[in-house]
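Visitor: I'd like a close look at a single part of this model, please. Could you walk me through how its helices pack?

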Amino acid sequence: MTAPLTPPPPPNERSSYQGGPVPPPVGAHAVGAASGAAYDRHGEQDGPGMLTEVRQAVVAVVAMALSGVLLGVLWWKLAPTVPLVGDVVGDSWVVYLKESESEQAVGVDGTFTLLALAFGALSAVVVFLLRRRGGVPLVVALGVGGLLGSLLAWRVGVWLGPTQDVIAHAREVGKGVTFSAPLKLGAKGALLAWSVAALVVHLGLTGLFGPRDPEPDPWPAPQPYPPGPYGEKSA
């Protein structure tokens, strides 16, 4: 007596994937959303490419650097003057402060710092309004552009201010006559005020009003199995 032969498996138990499209695994879209990258239907990442961001950053650096000319003019106009007096001691001219306890020199540095902070905040607002998505190149541009603008403003203000040759100026106006000292930035740390203000304000605006990444779905919808070759759903 022989054992019965094992019957072949029914058609619906065979592989139903006959070269058709393979469905994505369950929860794949949730993993993609959690990664923070948005893609269109062609699989390309949403937003401008790196080359576009670099171009925008270069434009921002140039615009901020040129704005330093305006900062230098405002510093020259608004900074308090430091009075000096010339005198002759023997055969030599000497120059000294008219008021030894005056705080005009501190006011010169303070004026530059306040103007640079205002320019930094304004730069951050303009950059954020034009490019809300931000990006590393724009953040770097804010720091570099602010530093270049401050350096240019410093040199423009010194160039527009009184002459740097105080001895020649004292001889020109005469002995005992008060004249203004040249613009001088004593606190060189003020050159970083523009960059620091721009970065801080831009970071705050991005955190408060910047675009948000979509929240991942904690309960992804189950994916249906594809139909079998005979119109039945495979097990």
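Visitor: Is the crossing of helix 3 and helix 4 left-handed or right-handed?

Guide: Happy to help! This is a predicted model, in which local features need pLDDT of at least 70 and side-chain atom pairs count only at pLDDT 80 or more, while totals for chains, interfaces and linings use all residues. Residues are numbered from 1 along each chain as its sequence is written, and side-chain values use heavy atoms, with hydrogens and water left out.

The crossing of helix 3 and helix 4 is right-handed; that term applies if the near helix is turned clockwise from the far one by less than a right angle, and left-handed if anticlockwise. Helices here are DSSP runs of H or I with at least four residues, strands are E runs of at least two, and both are numbered from the N terminus. Helix 3 spans residues 104-130 and helix 4 residues 136-160; they pack at an angle of about 145°, with axes 11 Å apart. Axes are lines fitted to C-alpha atoms, for helices over the stretch in contact, and angles run from 0 to 180 degrees between N-to-C directions.

Helix 3 brings Phe-112, Ser-123 and Val-127 to the contact, and helix 4 brings Leu-138, Leu-142, Ser-150, Ala-153 and Trp-154, where contact means heavy atoms within 4.5 Å. These residues divide into 6 nonpolar, 2 polar and no charged. Ala, Val, Leu, Ile, Met, Phe, Trp, Tyr, Cys and Pro count as nonpolar, Asp, Glu, Lys and Arg as charged, and the others, Gly among them, as polar.

Elsewhere, helix 5 (residues 166-173) lies across strand 1, strand 2 and strand 3, at about 100° to strand 2. Those strands form an open, antiparallel sheet in the order 2-1-3, pairing being assigned if DSSP finds at least two bridges between two strands. Strand 2 (92-97) and strand 3 (178-180) each have a single partner strand, so one side of each lacks a neighbour in the sheet.
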